Amino acid sequence: MATECVTTANSITEVLLAGDAVLNLTQQPLNTIAGTLFVSADQNAASLVNRPCGFRWSLKAAQEIGTLISDSALRIVVVSEEDCCDAERLVRELVAERIPHLHCTLMNPCDADDYMDEQDAEAVSERLRQLGYL
C-alpha cells in the first residue's frame with residue numbers, strides 16, 4: 001500500500017477512505033465530506049473531531065496520535081505542503097511506531113492561463129497539423 005501521494009486541497013476526497021482521520025498541517029481548507037474525522041491538538045492533546053481543523057506539531061501530541069487508531073480511525077492521513085519539516089518529522093514517527101498512515105503533499109493547481117495562453121495553443125495546433133497529427 002502506498003504511503004505517499006500528491007493531491008490538491010480540492011481533490012483530497014479522492015484519496016480518503018472510510019476510517020481515515022485527516023491531520024491537516026496546512027492553513028488551507030480541505031474539500032472533505034461531512035463526517036470526515038480530523039485530528040486536533042487542542043491543549044497539546046491529540047483527539048478526533050468531526051469538524052475541519054488544523055494541527056500544530058508538538059512532540060507530546062505526536063506521541064498521542066497512535067492512541068487515536070481505533071475502529072473509527074483506521075489510518076492517519078497527514079496533509080502538508082511541500083518541504084514541510086513538521087510533516088517529515090511526523091511521518092518518521094508514524095513509521096517508527098508502525099501507525100497506518102498516508103502522507104499527502106498538496107500541490108498548487110496551475111491556472112490555465114499560466115500554463116498555455118491562446119497564442120501558445122494556436123502555435124501548438126499549427127505544429128501538430130504540420131506533423132500530420134491533426
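# Group meeting talk: a walk through a predicted fold

Okay, let's start with the parts list: the protein chain has four helices and six strands. Keep in mind that this is a predicted model. Reading from the N terminus, the order of the elements is β-β-β-β-α-β-α-β-α-α. There are 134 residues in the protein chain, and 38% of them count as buried. As for the accessible surface, that comes to about 8700 Å², with 49% of it belonging to carbon and sulfur atoms.

How much of the contact list comes from residues 24 or more positions apart? If you take contacts with a separation of 6 or more, such pairs account for 56%.

Let's zoom in on helix α2. It covers residues 85-96, so that's 12 residues, and at 1.5 Å a residue they should span 16 Å. In the model the end C-alpha atoms are 17 Å apart, which agrees.

Now, which residues of α2 are buried? They're Ala87, Leu90, Val91 and Leu94. These four sit on the same side of α2, because they cover an arc of only 100° around the axis. If you're wondering about the spacing, an α-helix has 3.6 residues a turn, so residues three or four places apart point the same way. Over on the other side of α2, you'll find Arg92 and Ala96 exposed.

So where does a buried side like that end up? Let's look at the cores. In general, nonpolar side chains tend to be buried together in soluble globular proteins. Here the largest nonpolar core has 20 residues, and the ones touching the most other members are Leu23, Leu25, Val39, Phe55, Ile65, Ile76 and Leu90. Two or more residues each come from β2 (20-24), β3 (37-40), β5 (75-81) and α2. The top contributor is α2, which gives three residues to this core. Separate from that core there's another one, made of 14 residues, including Leu16, Val49, Cys104 and Leu106.

Let me pick out Val39 for a second. Leaving out residues up to four places away in sequence, Val39 touches quite a list: Ala21, Val22, Leu23, Ala46, Ser47, Leu48, Cys53, Gly54, Phe55, Leu68 and Ile76.

Next is Ser40, which has its place in strand β3. Buried or exposed? Ser40 is buried, because its relative accessible area is 1%. With the same close-in-sequence residues set aside, Ser40 touches Ala45, Ala46, Ser47, Val49, Cys53 and Phe55.

Now a loop residue, Val15, which is found between β1 (4-7) and β2. At a relative accessible area of 23%, Val15 counts as partly exposed. Val15 is in contact with Cys5, Asp20, Arg75, Leu102 and Cys104, once its neighbours within four places in sequence are left aside. And try finding Val77 on the model: Val15 and Val77 are 62 residues apart in sequence, but their C-alpha atoms are 9.1 Å apart in space.

You've heard a few cysteines go by, so how many disulfides does the structure hold? Zero. Take Cys84: the closest cysteine sulfur to its own is in Cys85, 6.9 Å away, and that's too far for a bond. The cut-off for a disulfide is 2.5 Å between the sulfur atoms. From the other side, Cys85 is in no disulfide either, with the Cys84 sulfur as its nearest at 6.9 Å. Cys84 also counts as buried, because its relative accessibility is 19%, and the limit for buried is under 20%.

Last topic: backbone angles. Most residues other than glycine have a negative phi. Here are two that go the other way. Asp83 has a positive phi, near 60°. Asp83 is found in the loop between β5 and α2, and is exposed, with a relative accessible area of 72%. Then, just after α2, Arg98 takes a positive phi of about 55°. Arg98 lies in the loop between α2 and β6 (101-106), and is exposed as well, at 77% relative accessible area.

We'll finish with helix α4, residues 118-130. Its 13 residues should span 18 Å at 1.5 Å a residue, and the end C-alpha atoms are 18 Å apart, which agrees. After α4 comes Gly132, with a positive phi near 90°.

Key: Residues are numbered from 1 along each chain as its sequence is written. This is a predicted model: local features need pLDDT of at least 70, side-chain atom pairs count only at pLDDT 80 or more; totals for chains, interfaces and linings use all residues. Side-chain values use heavy atoms; hydrogens and water are left out. The expected span of a helix is 1.5 Å times one less than its number of residues. Buried means under 20% relative accessible area, exposed over 50%, partly exposed in between (1.4 Å probe, protein chains only). The arc is that of the directions from the helix axis to the C-beta atoms. A nonpolar core is a set of buried Ala, Val, Leu, Ile, Met, Phe, Trp, Tyr and Cys residues joined through side-chain atoms within 4.5 Å. Contact means heavy atoms within 4.5 Å. Accessible areas come from the Shrake-Rupley method with a 1.4 Å probe; for residues, only the protein chains shown count as cover.
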